Amino acid sequence: MAEKNTIKVTIDGKSISIGGYESTEYLEHVAFYINNKIGEMKELPGYSRQSAEMKIILLALNVADDYYKAKTRADALEEDIEAKDGEWYSAKQDLANAQVRIHELERELASRAGAAAAYEEKTPAAAYEEKTPAAAYKEKAPAAADKTEERKDGSAPESGEDGGSRNPDRKLNDKYLKRSRRYAKTRS
């Protein structure tokens, strides 16, 4: 058990012995606070005309006021600390979750990189090259792409008139165009 400390202090000009289980420095600090509070009260107008009992009540009210203001500030600070602790804990959880997600993504990336490397070993690089439609057509049927037909009148067909690479609507339009030319020749 802690040892009880007793000291002599002067409060309002009177020497008093006070004691407690706190340190002597703390007890002196309390006595200093009371002396300052009495000094503040004496400066108030009308305080000196009050009875001794009223002076004690006014002093007690002022000390209680100081106590409740300090307690309110301490409670607010404590709530602020608890809120900050909650935010800190939440941030710590978010960081842990982000680290887990990063680890998962790194594993997935490594897995995909390994799969891509294995696929490249099995498949030649030429398979990745994109070919133009004309190159693909020449690759499939080189003879048909280079083959040219002559017209009945002996001239070479124009680009796209070989019949194989045009769409059916264009063929139909060309057919009507040829008929209209023949018709125009017979009329003149």
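# A tour from Thr24 outward

Select Thr24. Setting aside residues up to four places away in sequence, Thr24 touches Asn5 and Ile7. This is a predicted model, and Thr24 sits in helix H1. Thr24 is partly exposed, with 27% relative accessibility. Now add Thr6 to the selection. Thr6 and Thr24 are 18 residues apart in sequence, yet their C-alpha atoms are 7.5 Å apart in space.

**Zoom out**

Colour by secondary structure. The protein has five helices and two strands. Along the sequence they run β-β-α-α-α-α-α. Now show the surface. About 16,300 Å² is exposed, and carbon and sulfur atoms supply 55% of that area. How much of the protein is buried? Of its 188 residues, 8% count as buried. Next, consider the contacts with a sequence separation of 6 or more. Residues 24 or more positions apart account for 15% of them.

**The hairpin**

Select residues 5-11, strand S1, and residues 14-20, strand S2. In which sense do S1 and S2 pair? They are antiparallel, with seven bridges. Pick Lys8 as an example. Its bridge partner in S2 is Ser17. Then go to the turn. S1 and S2 form a hairpin with two residues between them. One to click on is Asp12, in the turn, with a positive phi of about 55°.

**The nonpolar core**

Select Ile7, Val9, Ile11, Leu27, Ala31, Ile38, Met41, Tyr47 and Leu59 as sticks. These nine residues make up the largest nonpolar core. Strand S1 and helix H1 (24-42) each supply at least two of its residues. Which element gives the most to this core? H1 does, with four residues. Ile7, already met as a contact of Thr24, is one of the core residues.

Centre on Met41 next. Leaving out residues up to four places away in sequence, Met41 touches Tyr47, Leu58, Leu59 and Asn62. Of these, Tyr47 and Leu59 belong to the core along with Met41.

**A lysine with little exposure**

Stay on helix H1 and select Lys37. Is Lys37 buried or exposed? Its relative accessibility is 6%, under the 20% cut-off, so Lys37 counts as buried. Show what surrounds it. Beyond its neighbours within four places in sequence, Lys37 is in contact with Leu59, Asn62, Val63 and Asp66. Leu59 and Asn62 also appear among the contacts of Met41.

Now draw the distance from Lys37 to Asp66. Their side chains meet in a salt bridge, 2.7 Å from N to O. Lys37 lies in helix H1 and Asp66 in helix H2 (residues 52-122), so the pair ties together parts that are 29 residues apart in sequence. Asp66 is partly exposed, at 26% relative accessible area. Add Glu40 to the view. Lys37, Glu40 and Asp66 are linked in a network of salt bridges.

**Along helix H2**

How many salt bridges does the model hold? The count comes to seven. Two more are worth a stop.

Select Asp65 and Lys69. They form a salt bridge, with the closest N and O atoms 3.2 Å apart. Both are in helix H2, four residues apart, so about one helical turn separates them. Each is partly exposed: Lys69 has a relative accessibility of 47%, and Asp65 has 34%.

Move along H2 to Glu108 and Arg112. Their side chains also meet in a salt bridge, at 2.9 Å from N to O. These two lie four residues apart in helix H2, about one turn of the helix. What differs is the exposure within the pair. Arg112 is exposed, with 57% relative accessible area, whereas Glu108 is partly exposed at 34%.

**Last stop: a nonpolar patch**

Return to the surface and select Met54, Ile57 and Leu61. Together they form a nonpolar patch with about 260 Å² of accessible area. Met54 is found in helix H2. On its own, Met54 is partly exposed, with a relative accessible area of 35%.

Technical notes: Residues are numbered from 1 along each chain as its sequence is written. This is a predicted model: local features need pLDDT of at least 70, side-chain atom pairs count only at pLDDT 80 or more; totals for chains, interfaces and linings use all residues. Side-chain values use heavy atoms; hydrogens and water are left out. A nonpolar core is a set of buried Ala, Val, Leu, Ile, Met, Phe, Trp, Tyr and Cys residues joined through side-chain atoms within 4.5 Å. Buried means under 20% relative accessible area, exposed over 50%, partly exposed in between (1.4 Å probe, protein chains only). Contact means heavy atoms within 4.5 Å. A salt bridge is a side-chain nitrogen of Lys or Arg within 4 Å of a carboxyl oxygen of Asp or Glu. Patches are made of residues with over 30% relative accessible area and no salt bridge: like charges are joined within 9 Å, nonpolar side chains (Val, Leu, Ile, Met, Phe, Trp, Tyr) within 5 Å. Accessible areas come from the Shrake-Rupley method with a 1.4 Å probe; for residues, only the protein chains shown count as cover. Two strands pair if DSSP finds at least two bridges between them.
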